[in-house]
Amino acid sequence: MADSAVRVRIAPSPTGEPHVGTAYIALFNYLFAKKHGGTFILRIEDTDATRSTPEFEQKVLDALKWCGLEWSEGPDVGGPYGPYRQSDRKDIYLDYVRQIEKNGHGFRCFCTPERLEQMREAQRAAGKQPKYDGHCLTLSAEEVTSRVDAGEPHVVRMKIPTEGSCKFTDGVYGDVEIPWDSVDMQVLLKADGMPTYHMANVVDDYLMKITHVARGEEWLASVPKHILIYQYLGLTPPVFMHLSLMRNADKSKLSKRKNPTSISYYSALGYLPEALMNFLGLFFIQIAEGEELMTMAELAEKFDPDNLSKSGAIFDIQKLDWLNGRWIREKLSDDEFLGRVLAWASENDRLKQGLKLSQSRISKLGELPGLADFLLKSDLGLEPSAFGKIKSSPEELVEIFNTVQPDLEKILEWNKETIEAELRAIADRMGKKLKVVLAPLFVAVSGSSRSLPLFDSMELLGRSVVRQRLKVAGQVAASMAGSGK
């Protein structure tokens, strides 16, 4: 395959705050395209209509642009193989699903969610891997037609070979073999007429002429399904490359439940995008000690996709801090530094809005730092003493934080109105007065019992920063409960 024909893509789902892992995979694809003189594409995979939102899609675009990544084709710039948003491509997929059915490789499944859950529970109880049991495979063509004509809800599933294994060569893992009996009869078309991720992914990659699919290793087990879909459609699969997951220092999976993972969090704390890309890019190259500080162009020059580690990319926050400090000191001129500081402080309009909120709460300008500095701090340094004026017991504080954190994640559009509405609903569900719930949140978010209005402050700080501050506050409260304070 000629280098000029290389086409790669990043295909995030707009279902939450853009993850730093998305930037990691996107950077690999971007550097791969640069290395081979190819094309880097952005595709929005929003087949999950219940969780995908325009707000999160815009956050994806903004986050990847902040990272310094540029795509030649995408939902915002167009291109010859659009549209680049799966929800806009809904009518494309049905013909491919019907082709798989027509060739005898797919079947209609009428199993209800209740039956499927009972089936999985029984399989788990028997120590088996939960997967579809083939219940609807035996239905006659007449019965299928009758039930479809009657309007009975159903999905379309793919058939899986009953013997042998799927063998393929991965660009990172080499030769891989996965037995067919471990592969589920994947749903291809949902009852609402939307394709599943797997079906849409294959069709889109084919129609967009993707030559190399580079993604996280968690998708390695899905390759047999994808290869089958390609085979069932008479198509040639792309080259698959599965990158090791980013992990914490203890080798656990990098997740928002343990550590900040949102790109917006690192932007809000004042990390430079060049430093973050520098940090992530070092996972893909081989360099000598002392050569760590690298621009995007230098990363592309040193990029080595044929010599990747399978041991896992360790997200070492201390190394990121070190690199970010070097970028600030060594790569920015005085004027560039001042410009970056002003741009960072103005992000999300927090400086302007924070000052406006402060105006009615001070008697002299010198009081501003003590009142509003939490909007710009990377770490509040929260101690148990900060909760000294809160009447709730440590155990009640733990209950509040453990309830509020996951419930706030359900908010689709993050603003002071939706935040207030959710917190009022939480207080009602907990059977507590609103002020009892808000008082510890005030301290968790601002570090003080006297500060700016809570809902406004949470909007200005952004979802990812608020998430981390509530997590830290919950840990402090748990330590208080454990020590009997």
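**Pockets**

For these notes, a pocket is an open set of grid points with protein on both sides within 12 Å along at least five of seven lines. I'm working on a predicted model, so everything below is computed from that.

I went to the largest pocket before anything else. About 1,400 Å³ of space lies in it. Which residues lie nearest the centre of the largest pocket? I get Ser-13, Thr-15, His-19, Thr-22 and Glu-218, out of a lining of 43 residues.

Next I looked up which elements build that lining. Strands S1 (7–10) and S8 (212–216) each supply at least two residues, and so do helices H1 (20–36), H2 (54–66), H6 (197–207) and H19 (463–483). H1 has the largest share, with four residues. By residue class, I noted 16 nonpolar, 13 polar and 14 charged in the lining of the largest pocket.

Then I moved to the second largest pocket, with a volume of about 680 Å³. Its lining has 26 residues, and Lys-59, Ser-264, Glu-347, Asn-348 and Gly-462 lie nearest the centre. Which element gives the most to this lining? H2 does, with six residues. At least two residues each come from H2, H8 (263–268), H13 (350–358), H18 (454–461) and H19. The lining of the second largest pocket splits into nine nonpolar, seven polar and ten charged residues.

I note that H2 turns up in the lining of the largest pocket and again in that of the second largest pocket. H19 is likewise listed for the largest pocket and for the second largest pocket.

**Helix H13 and the loop before it**

Since H13 came up in the second largest pocket, I checked how H13 sits. Which residues of H13 are buried? I find Arg-350, Gly-354, Leu-357 and Ser-358. Seen down the axis of H13, these buried residues fall within an arc of 100 degrees, so they line one face of the helix. On the face turned away from that buried side I find Lys-352 and Lys-356, both exposed. What covers the buried residues of H13 includes H8, H12 (334–345), H14 (368–372) and H18. I see H8 and H18 in that cover, and both also supply residues to the lining of the second largest pocket.

Going back along the chain, I checked the backbone in the loop between H12 and H13, where Asn-348 lies. Phi of Asn-348 is near 60 degrees, a positive value in a residue other than glycine. Asp-349 has its place in the loop between H12 and H13 too, and its phi is also positive, about 60 degrees, although it is not a glycine.

Are these two buried or exposed? Neither label fits: Asn-348 is partly exposed, at a relative accessible area of 46%, and Asp-349 is partly exposed as well, at 33%. Asn-348 is also one of the residues nearest the centre of the second largest pocket.

**A cis peptide bond**

I also looked up the peptide bond from Gly-82 to Pro-83, and it is cis, with omega near 0 degrees. Pro-83 is found in the loop between H2 and helix H3 (90–102).

**Cavities**

How many cavities of 30 Å³ or more does a search of the whole structure find? The search gives three. I took a look at the largest cavity, which has a volume of about 60 Å³. Its lining is Gln-405, Leu-408, Glu-409, Trp-414, Arg-463, Val-466, Arg-467 and Leu-470. H15 (394–408) and H19 each supply at least two of these residues, and the largest share, four residues, comes from H19. I put the lining of the largest cavity down as four nonpolar, one polar and three charged residues.

**Cysteines**

Last stop, the cysteines. How many disulfides are there? My count comes to zero. Why is Cys-136 not in one? Its closest cysteine sulfur, in Cys-111, is 3.7 Å away, too far for a bond, since a disulfide needs the pair of sulfur atoms within 2.5 Å. I checked burial as well: Cys-136 counts as buried, at 4% relative accessibility. Cys-166 is buried, with a relative accessible area of 4%.

Methods. Residues are numbered from 1 along each chain as its sequence is written. This is a predicted model: local features need pLDDT of at least 70, side-chain atom pairs count only at pLDDT 80 or more; totals for chains, interfaces and linings use all residues. Side-chain values use heavy atoms; hydrogens and water are left out. Buried means under 20% relative accessible area, exposed over 50%, partly exposed in between (1.4 Å probe, protein chains only). On a 1 Å grid over the protein atoms alone, a cavity is a set of points where a 1.4 Å probe fits but cannot get out, and a pocket is an open set with protein on both sides within 12 Å along at least five of seven lines; lining residues have an atom within 4 Å of a point. Grid points are joined across faces, edges and corners, and a volume is the space filled by probe spheres set on the points. Ala, Val, Leu, Ile, Met, Phe, Trp, Tyr, Cys and Pro count as nonpolar, Asp, Glu, Lys and Arg as charged, and the others, Gly among them, as polar. The arc is that of the directions from the helix axis to the C-beta atoms. Contact means heavy atoms within 4.5 Å.
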